[in-house]
Amino acid sequence: MTTPKDKTATRRRFLKTAAVGAAATVAAPGIVSAQGPVSMRFQSTWPAKDIFHEYAQDYAKKVNDMTGGDLKIEVLPAGAVVPAFGLLDAVSKGTLDGGHGVLAYHYGKQTALALWGSGPAYAMDANMLLSWHKYGGGKELLAKLYASIGANVVSFPYGPMPTQPLGWFKKPITKAEDFQGLKFRTVGISIDVFTGLGAAVNALPGGEIVSAMDRGLLDSAEFNNASSDRVLGFPDVSKICMLQSFHQNAEQFEIMFNKAKYDGLPEKIKAIIANAAEAAGQDMAWKAIDRYSKDYEELQSKDKVKFYKTPDSILQKQLEIYDQVVEKKSAENPLFKEIVESQLAFAKRATQWEQDTVVNRRMAYNHYFGPNAKKKT
């Protein structure tokens with residue numbers, strides 16, 4: 001028989017146990033916090049000296065700063081863990097927590113991935129293509145594409161790039177026939193476009209191009225911009241650069257996370273990751289204008305590079321061949337066709353608005369800086 005004294009003792013033991021449990025519950029967040037910040041190891045697809053690797057580091061710094069150190073991203077250069085073209089597999093498998101590159105580098109996995117920037121983008125520039133991605137259905141289509149190849153990744157396209165040069169050559173390219181038999185480097189759908197022009201195409205990562213040209217494995221090549229091309233050493237193997245092309249008229253970068261790693265993050269950290277991509281993309285665009293224009297000047301004044309505008313006849317031929325490539329790949333790949341149709345619908349509306357609205361700045365440029373401009377005091 002239980003006495004009142006026994007009941008009192010039992011109640012005291014219960015309260016003591018409950019108090020200990022409550023203390024442990026209160027202490028739990030402190031224990032989690034004591035484990036320290038989440039660390040992620042990223043790799044870019046760029047050499048350490050390239051401005052593109054700098055862009056990757058800029059993004060990581062924004063995330064690290066905005067999370068107050070709760071998430072720390074370390075960015076390694078191309079080849080530190082895997083080759084540049086091995087990034088998607090490495091991130092998907094969890095060998096790397098994430099990476100920085102371009103979607104065209106995954107062309108061998110799924111050709112439709114290169115539609116994010118490899119080609120004329122139906123008269124859109126890179127900023128407009130990113131608008132399609134965020135507001136025109138591109139984001140959902142990209143997730144569908146990655147699911148189709150079993151890629152365990154979360155992708156954030158960002159960072160609109162300016163139109164890329166046609167490339168570096170031994171002599172100026174004056175007509176489409178000049179590409180016949182030319183050993184040329186490019187990536188993505190541009191492989192098919194330049195093959196259609198008659199070139200013998202070799203897809204190489206950025207860090208391997210100049211060495212291949214120096215050894216005669218390539219006659220010519222394209223990479224991206226004045227700053228990257230200059231620091232990678234293109235002026236050491238060529239003094240002729242052709243400007244303007246439709247082969248990569250609207251490319252952007254990609255920030256990629258391993259999906260399992262990303263899904264395990266708190267919602268507030270996920271929000272920072274997404275918003276940091278947009279902030280870094282705008283900052284990159286501003287930095288690119290400053291740095292590319294400086295290096296464009298120095299390529300001419302210091303490196304004695306001669307720049308030529310790509311003839312319109314070649315640009316027109318690129319468009320015609322691209323249409324043939326798209327028709328063929330759309331017939332082979334339903335997802336490719338779905339993305340093309342989505343881009344076309346968005347581009348028709350967006351580019352008409354742009355063409356009707358945005359003033360041609362060439363007139364203002366000529367007024368202030370052209371040969372007949374009045375000298376400013």
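This is a short tutorial dialogue on how to read some features of a predicted model.

Q: Which settings apply to this predicted model?
A: Residues are numbered from 1 along each chain as its sequence is written, and side-chain values use heavy atoms, with hydrogens and water left out. Because the model is predicted, local features need pLDDT of at least 70 and side-chain atom pairs count only at pLDDT 80 or more, while totals for chains, interfaces and linings use all residues.

Q: Which strand pairs with β1 over six bridges, and in what sense do the two run?
A: Helices (H or I, at least four residues) and strands (E, at least two) are DSSP runs, numbered from the N terminus, and two strands pair if DSSP finds at least two bridges between them. Here the partner is strand β2 (residues 71-76), which runs parallel to β1, and Val38 stands opposite Leu71 in β2. Between these strands the chain passes through helix α2 (residues 51-66), and the β-α-β crossover that results is right-handed. A crossover is given that name if, with the strands pointing away from the viewer, the path from the first strand over the helix to the second runs clockwise.

Q: What are the bridge partners in β1 and β10 of residues in β3?
A: Strand β1 (residues 38-44) pairs with β3 in the parallel sense over three bridges, and in this pairing Phe42 has Gly98 as its bridge partner. Strand β10 (residues 252-258) runs antiparallel to β3 and is joined to it by four bridges, with Gly99 standing opposite Met256.

Q: Are the residues on the two faces of strand β3 buried or exposed?
A: In a regular strand the side chains alternate between the two faces of the sheet. A residue is called buried under 20% relative accessible area, exposed over 50%, and partly exposed in between (1.4 Å probe, protein chains only). In strand β3 (residues 98-101) both faces are covered, since Gly98 and His100 on one side and Gly99 and Gly101 on the other are all buried.

Q: How many aromatic pairs are there, and how is the pair of Phe156 and Phe257 arranged?
A: Rings of Phe, Tyr and Trp (its six-membered ring) pair if their centres lie within 6.5 Å; planes under 30 degrees apart count as stacked, over 60 as edge-to-face and the rest as tilted. By this rule there are 26 aromatic pairs. Phe156 and Phe257 form an edge-to-face pair, at 6.1 Å centre to centre and with 85 degrees between the planes. This pair links distant parts of the chain, with Phe156 in strand β4 (residues 153-160) and Phe257 in strand β10, 101 residues apart. Both Phe156 and Phe257 are buried.

Q: Why does the pair of Phe169 and Phe184 count as stacked?
A: The pair is stacked because the planes of the two rings lie at 15 degrees, with the centres 6.0 Å apart. Phe169 belongs to strand β5 (residues 167-169) and Phe184 to strand β6 (residues 183-185), 15 residues apart. Phe169 is buried at a relative accessible area of 2%, and Phe184 is buried at 0%.

Q: Which residues form one aromatic cluster?
A: The cluster consists of Trp46, Phe52, Tyr55, Tyr59, Phe85, Tyr105, Tyr158, Phe223 and Phe253.

Q: How many cavities of 30 Å³ or more are there, and what lines the largest cavity?
A: On a 1 Å grid over the protein atoms alone, a cavity is a set of points where a 1.4 Å probe fits but cannot get out, and lining residues have an atom within 4 Å of a point. Grid points are joined across faces, edges and corners, and a volume is the space filled by probe spheres set on the points. The count comes to four cavities of 30 Å³ or more, and the largest has a volume of about 80 Å³. It is lined by 13 residues, of which Val102, Tyr105, Phe223, Asn224 and Glu251 are the closest to its centre.

Q: Which residues in the loop between β3 and α4 have a positive phi without being glycine?
A: Tyr122 has a positive phi of about 55 degrees, and for Ala123 phi is near 80 degrees. Tyr122 lies in the loop between β3 and α4 (126-135), where Ala123 is also found. With 17% relative accessibility, Tyr122 counts as buried.

Technical notes
1 Å grid on protein atoms, 1.4 Å probe; cavity = no way out; pocket = protein on both sides within 12 Å on 5 of 7 lines; lining within 4 Å.
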